[in-house]
Amino acid sequence: MRYIFVLLLLMTHLTEAKALSDSTRFQRDSLRKIQLNEVVVTASRVPESILKSPVSIELLDARQIRLSAQPSYFDAIENLKGVQLLTSSLGFKVYNTRGFANPTNVRFVQLVDGMDNQAPHIGAPIANALAPSDLDIQQVEIVPGAASALYGMNALNGLAQLITKDPFTSQGLSVSHKTGVNHVNDPLVSAKLYNETSLRYARTLGSRLAVKLNLTYQSGYDWIARDLDDLNPGANASLGLVGAENPGQDRINVYGDESANRRTLTLEGKKYVVSRTGYFENETADLRLHNLRGDVAVFWRIHPGLTVSYQYKAATLATVYQRTNRFRLDDYRLDQHGLTLESPSVHLRVYRTHETTGDSYNIRSMAENIDRSFKSDNQWFTDFSSQFLAATKTGQSTAQALQIARSTADQGRPQPGSAVFNAQVDKLRHINNWDVGAALQVQSWLYHAEGQAEPTKVLWSGFREKTGVNLLAGFDYRQYVVFPDGNYFINPEESGQNLVYYKTGGFLQASRSFFQERLKLTGSVRVDKNRYFDARLNPRVSAVFSPGERHHFRASYQTGYRFPSLFEAFSNVNSGGVKRVGGLKIMSQGIFERSYFRTSIDAFQTAINTDVNTNGLTTAQAIQKNKGLIRANTYTYLKPEQVNSMEVGYKGSFFENCLSVDVDFYYNVYRNFIAQVEANVPKSSNPDSLAYALSDRTKQDRYRLWTNSKTKVFNYGSSLGVRYAMGRNWVLSGNASLAQLDRTDRGDGLEEAFNTPKWITNMGIANPTLWKNLGFSVHSKYQSSFLWQSSLATGRVPAIHTVDAQLSYELPKTGLSLKIGGTNLLNRPYTTFAAGPSVGGLYYATVVVRVFEKEKGILNVK
């Protein structure tokens, strides 16, 4: 980072003389003053200058979106400082800031015009399902780091606010069409078309009423996840069977060869770990993308300072996403009704979100139950054993015998694309039990009410004038309702009744400026109460010091709590022989107390195999020798997660506002990380037979339990962003972000995986008027390699280095704009997390037509 500063100073000194001599021309340059007049609302819940925000905030405005080399504003978010992108599929992208990432990010909140657009049952957004279209987006505001002191909810890692255009000030009809191609030179599939069509219509009806309509449809063919790395490479190491010869392989994107699909077979006095064969993801899942989303809104200005609005959003998805397993979302539907009242000092909002998963299914369960549909596990392993013994008797080598045994046991196995295979897919996607089927059948609702008021703005204006103190107060109430399907959720208290989970909270914020507006101090305190937990207090204090109009220093300290999400609290999932159980006491009482760490059981069983295979012990002797490896589960019921966060930063401009600089440093301390522990419960209650039960997979029940880490986790980071306008509308931009765990030697092994690269850097150059109305931009991104850890897969994510570019042309008189571009131009496939898809180049062309209205309401191309 020190070298970046030196480079910037050198660059600005070299251009200072020319900047001064050309100052008159620069005054005509629309890009010269960078963000000085930008107003944001997300950092403090009230409008304020971005320069005086008390915490870090990143802004993506309409100008930056137009200059972006990405095909959409949602894609362009990844270029903001400190933002990490996770790509589960072409139609499903998730953002995170400041570490501890996962593809279903319950620690990061996404709001659209103040309304949370999460899927209720998981407590996290389904990518951009309820997000605005490219035609309707006004700007995006990202608050990296804890924001729960003002917002509550799950905003421990950060918050994104997507703000749409006002139909009173942005009217008319706009249509865009984007056509692209991906999978160019892909060895697995031929090149595929990508299409996206959007429409926006907004108009006023008189001076007080306005309406707005948006529709977006996407189609294409998804990126393919096909990582064949073995997650179980040492299963048969004691027999010298490694690599392709390992019969116990668990390949990352092959499903049906996981732990629940493996057995230890005793063959000719040796113990072999053998997996069933499984299927590739693209053989089991439909990878066609079909996403439709839209919204309609009505706005009524009761008078100039008071507006009531009603909005309805809906989406239907067909795409792929990842949680503990990979899922195919098919006919997945979300819709949201929202009613808002806004005045200069009072905001009231209520909304309801409904989610139904349609014909969605678990890809892993689909694969392993197709395997079982033609032959049960017992029969398959019996056939495998018989053929192995027969092959060795004819003189075949061990490796050859294993291969022959698998081929024989697999005879009659449904082949992908065949009528038998397709019939099984159709059957299993409607069976709501992952031990024998694959259906994801969830129906849930979210009800939310909130309000905030600035009493000192109007009602207590005299108090503000006398004291200089501004007050802001707010409340919210949220209720989740889930239909208990019997596989994903049950109601442990009232069988057959809907499951209800709620929280409520409120906050008070006070701010005051000193020393002729040079110093602004702000303090806030929030209290949240959840049905199953005591009230929690979240304070935040901040200071912004502005010695001049161009230089602003900030510092803040806050705490935040996160109550368990609905899924973490109440899940009850049968998944391939493993039951995933929510961490509330009413869900998991009696399981924690009787369970043993799966890691210790795995080590125990491996030691038994090694002693039998290499030391000549009998199985009984090996069990007695190694039973000391077994460890009882020491974790217990869920508690809320907590973070203490400190941040300092600076925003400023130099050289007549041509250069803007934004730098920050943060340090976080997390307690009670919500994570999962894998533990097995022996079916025997006799202490003398405990070791024998835990040595045999058939004599124990496997669980994955939500609980809390006992480790206090520390992480820190810093980021630097610069933007330089050189005149003639040339803009250089760049940012670099560092994220790092601290004191890593003190972990208990259960803390949530960091899953974040140490370095993310972005560099870009753009000019919207390169030649007349022809513009262009080029963007380069680098992300360092990092370790990804999850219950689905753990592995090293290779470094990413991509180049994106675009050319655009504006025809102002006709309202027509054209854009051609590409992301990952060099078509070097990369993944953003272990088990995720391989992302190649996407090359696109976009046409946008804007039709505006005359005052008399006659449509006219302008």
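## Second largest pocket and helices α7 and α8

The second largest pocket has a volume of about 1,300 Å³. A pocket here is an open set of points on a 1 Å grid over the protein atoms alone, with protein on both sides within 12 Å along at least five of seven lines, and lining residues have an atom within 4 Å of a point. Of the 50 residues that line the second largest pocket, Val 41, Ile 163, Glu 342, His 347 and Arg 349 are the closest to its centre. Elements giving two or more residues to this lining include β10 (137–144), β11 (158–164), β24 (443–453) and β25 (469–482). Also among them are β19 (288–303), β20 (306–322), β21 (326–342) and β22 (346–356). By residue class the lining divides into 18 nonpolar, 16 polar and 16 charged.

The model is predicted: local features need pLDDT of at least 70, side-chain atom pairs count only at pLDDT 80 or more, and totals for chains, interfaces and linings use all residues. Residues are numbered from 1 along each chain as its sequence is written, and side-chain values use heavy atoms, with hydrogens and water left out.

Helices (H or I, at least four residues) and strands (E, at least two) are DSSP runs, numbered from the N terminus. The expected span of a helix is 1.5 Å times one less than its number of residues.

| Helix | Residues in helix | Expected span | C-alpha to C-alpha, end to end |
|---|---|---|---|
| α7 | 12 residues | 16 Å | 18 Å |
| α8 | 17 residues | 24 Å | 24 Å |

In α8, the buried residues (under 20% relative accessible area, 1.4 Å probe, protein chains only) are Asp 377, Trp 380, Phe 381, Phe 384, Ser 385, Phe 388, Ala 391 and Thr 392. Viewed down the helix axis they fall within an arc of 135°, so they line one face of α8; the arc is that of the directions from the axis to the C-beta atoms. The face turned away from this buried side carries Asn 378 and Lys 393, which are exposed (over 50% relative accessible area). The buried residues of α8 pack against β16 (262–267), β17 (270–275), α7 (363–374) and α9 (398–409), where contact means heavy atoms within 4.5 Å. Just after α8, Gly 395 takes a positive phi of about 95°.

Helix α7 is mostly covered, with nine of its 12 residues buried. Among the buried residues of α7 are Arg 364, Glu 368 and Asp 371.

Elsewhere, Asp 75 lies in helix α4 (residues 73–76). Asp 75 is buried, with a relative accessible area of 11%. Leaving out residues up to four places away in sequence, Asp 75 touches Gln 70, Lys 93 and Tyr 95.

Conventions
On a 1 Å grid over the protein atoms alone, a cavity is a set of points where a 1.4 Å probe fits but cannot get out, and a pocket is an open set with protein on both sides within 12 Å along at least five of seven lines; lining residues have an atom within 4 Å of a point. Grid points are joined across faces, edges and corners, and a volume is the space filled by probe spheres set on the points. Ala, Val, Leu, Ile, Met, Phe, Trp, Tyr, Cys and Pro count as nonpolar, Asp, Glu, Lys and Arg as charged, and the others, Gly among them, as polar.
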